[in-house]
Amino acid sequence: MKIAAFNLSGQGSFAQDAPALADAVKSSGADIVLLPGTSRVRRAVGAAAMRAGAEVDTNVVDLSIDGETVTAQRWLYRQRILATFSRAARPWVVVTDPSLFAGICEKVGAAPAALDPAPAASSRTTVNGLVAAGGGGESTIRPDAKLLFVAGAGWTKKQADGATHLDEAAATITGFLAKSGASLGSSKSLVDMPEAAEAFKFMSHMNQVGQTGATPRHAKGLSTCCHGEEPHVVGWRFIGERRAVNLDANCGWAQGKADVLYVADAFEVMRKVNELL
Ligand SMILES: Cc1cc2nc3c(=O)[nH]c(=O)nc-3n(C[C@H](O)[C@H](O)[C@H](O)COP(=O)(O)OP(=O)(O)OC[C@H]3O[C@@H](n4cnc5c(N)ncnc54)[C@H](O)[C@@H]3O)c2cc1C
């Protein structure tokens with residue numbers, strides 16, 4: 001039975017220690033590999049053992065060898081039970097309590113070798129210059145705007161005539177943004193919708209307001225074609241005066257979440273608003 005012992009020396013990150021330990025376990029050809037349970041070893045040993053195809057145990061306080069049988073001991077249940085156990089799998093990486101490492105190595109006749117991991121390849125990005133990302137249009141997120149205009153999934157739904165009107169919806173929304181200077185918010189349903197992504201290129205996940213979206217701060221908010229569900233409306237907690245346009249008189253906004261709810265067709269309302277502007 002071959003027993004090897006290693007001790008990490010120098011400085012090393014996880015990215016350096018894990019491959020170095022895995023290589024050491026493999027290239028040593030040892031059945032049992034002893035390591036001291038320092039924070040560096042404990043951080044990297046799980047990954048190293050997996051890469052080396054080894055089994056691993058930690059917090060070992062004693063090791064005995066009797067022929068081909070290796071028996072380890074460790075405390076369980078907050079030091080209430082001292083377990084004596086063995087493993088058939090090889091290689092077996094045994095991580096001892098750090099203070100017991102030297103004594104255990106001496107007991108089993110293994111001389112610890114220092115392992116200094118090679119410096120990791122540099123992955124630092126070198127910046128050659130900057131080019132404006134440019135989304136192909138102007139930004140619809142305007143934190144300084146007085147008004148937050150929120151577009152919900154209703155803009156993509158079949159309307160009274162039984163058809164969707166995506167192009168008209170997009171033109172109405174962008175028309176209003178251009179004339180009012182408002183910032184554009186959206187519901188999760190709308191930004192998650194593939195057909196909306198195609199038609200509403202001016203909008204992205206960055207516009208999403210809500211629990212899993214943004215919490216913008218504007219003096220006023222106008223919600224259109226959005227149901228006013230709680231996960232969306234929590235994103236409105238810093239919006240002052242709130243108004244909503246929805247066909248449904250029982251939508252979430254009517255439940256005390258908006259100051260004014262216009263029960264109306266947002267296509268018609270916003271067409272008229274754009275005309276007036
Ligand atoms: C864990 C979790 C986190 C979430 N996080 C968020 C989040 O961060 N942000 C978010 O927005 N959602 C979030 N949601 C989803 C949220 O619960 C709602 O599903 C979502 O907000 C609904 O979007 P909506 O109101 O645009 O769409 P819908 O619920 O489909 O509502 C569309 C509305 O449009 C109205 N409508 C249709 N046509 C017209 C018209 N012509 N005129 C006027 N009104 C019309 C309809 O009456 C309807 O009320 C989350 C959900 C979960 C479970």
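This passage walks through the domains, the two sheets and the ligand shell of a predicted model. Residue numbers start from 1 along each chain, in the order its sequence is written. Since the model is predicted, local features need pLDDT of at least 70 and side-chain atom pairs count only at pLDDT 80 or more, while totals for chains, interfaces and linings use all residues.

The protein splits into domain 1 (3-114) and domain 2 (147-276), with bounds taken from an automatic or database domain assignment. The C-alpha centres of domain 1 and domain 2 sit 60 Å apart.

One open sheet has 5 strands in the order E3-E7-E2-E1-E8, with parallel pairing. Strands here are DSSP runs of E with at least two residues, helices are runs of H or I with at least four, and both are numbered from the N terminus; two strands pair if DSSP finds at least two bridges between them. Strand E3 (55-60) and strand E8 (113-115) are the edge strands, each pairing on one side only. Neighbouring strands of this sheet are turned by 30° against each other on average, direction ignored (axes are lines fitted to C-alpha atoms, for helices over the stretch in contact, and angles run from 0 to 180 degrees between N-to-C directions). Strand E2 (residues 32-36) and strand E7 (residues 92-96) pair in parallel over 5 bridges, and Val33 has Val93 in E7 as its bridge partner.

Another open sheet, also parallel in its pairing, lines up 5 strands as E10-E9-E11-E12-E13. Strand E10 (183-186) and strand E13 (260-263) stand at the edges with a single partner strand each, so one side of each has no neighbour in the sheet. The average turn between neighbouring strands of this sheet is 20°, direction ignored. Strand E9 (residues 147-151) and E10 share 4 bridges in the parallel sense, with Leu148 opposite Ser183 in E10. Strand E11 (residues 220-224) and E12 pair in parallel over 5 bridges, and Thr224 stands opposite Val245 in E12.

As for the ligand, 30 residues surround it, and Gly152, Gly154, Ser187, Lys188 and Gly210 come nearest (a residue is near if its C-beta atom, placed from the backbone, lies within 6 Å). Two or more shell residues come from each of helix H5 (188-191), helix H7 (230-233), strand E12 (241-246) and helix H8 (266-276). H5 gives the most, with 3 residues.
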